[in-house]
Amino acid sequence: MRHLIALTGLMVSLLLAGCAKPVDYDYSAFRQSQPKSILVLLPQNSSPEVNASHGVLSQVTLPLAESGYYVFPVAVVEEVFKQNGMTNAHDIQGVSATKLREIFAADAVLYLEVTDYGSSYKVISSESRVTVSGKLVDLKSGQQLWSGSATASTAEGDSGNNGILGMLLQAAITQISHTISDKSYEVAGVTAARLLSAGRPSGILYGPRSPKYGKEAE
């Protein structure tokens, strides 16, 4: 009986936690900075996939541009670092804000990290998942303006109504198909949109090139 009461209390606590209202993001530093241009650095890669950094990097310009910011061409930025002997994300992200401001004259820099990228086989399911976290930093003051994370997966919306044999077969086929076609690249586009599109809960604010600039609720 004592165990039942304890279990009931735990379930109630979890329910209350799940119903709790999310805390609003503090945009005071973001609004004060009012960045117009964003420099995106090569993402750090914590996943086992060697193509993860560039797969994500190639997808981030669109949502940022559509949100109203000028984004420095990522290929040009990477070439500048390469000409200066830096080719990996760790070294590139280690450059000081002062130096980045001096070289590119950008208002803000976006640091990204990829923690999931690629297809995985899980006996009765297979998916391509991409998870990215990021933070936006003011290059004049070095102050963090925003941070967030997002995930997308090909398993979203799966019904799971197949029999066990069908599920095993489908998982194997999906794994092969996603690996051959690099499905993660497409999923990275969805992740980037979720992370970097303005107007989403706790997302970035609209930039000066957007007609919605400055119109978010305080």
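The following points comment on the confidence, core and strands of a predicted model.

1. Basis. Residues are numbered from 1 along each chain as its sequence is written. Local features need pLDDT of at least 70 and side-chain atom pairs count only at pLDDT 80 or more, whereas totals for chains, interfaces and linings use all residues; side-chain values use heavy atoms, with hydrogens and water left out.

2. Confidence. The mean pLDDT (the predictor's confidence in each residue, from 0 to 100) is 80 for the chain, and 72% of residues reach 70 or more. Residues 1-22 stay under 50 and have zero contacts (heavy atoms within 4.5 Å) beyond four places in sequence. Residues 120-125 are also below 50, but this stretch has 17 contacts beyond near neighbours in sequence.

3. Core. The largest nonpolar core (buried Ala, Val, Leu, Ile, Met, Phe, Trp, Tyr and Cys residues joined through side-chain atoms within 4.5 Å) has 50 residues; among those with the most contacts inside it are Phe30, Val56 and Trp146. Strand 4 (residues 108-121) supplies its largest share, seven residues. Beyond four places in sequence, Val56 touches residues including Pro43, Leu112 and Ala188.

4. Strand 1. In this strand (a DSSP E run of at least two residues, numbered from the N terminus), Ser37 and Leu39 on one side and Ile38 and Val40 on the other are all buried (under 20% relative accessible area, 1.4 Å probe, protein chains only). Two bridges join strand 1 to strand 3 (residues 70-71) in parallel, with Ile38 partnered by Val71.

5. Serine 153. This residue lies in strand 6 (residues 144-153) and is buried, at 10% relative accessible area. Beyond four places in sequence, Ser153 touches Glu127, Ser128, Arg129 and Val187.

Technical notes: Helices (H or I, at least four residues) and strands (E, at least two) are DSSP runs, numbered from the N terminus. Two strands pair if DSSP finds at least two bridges between them.
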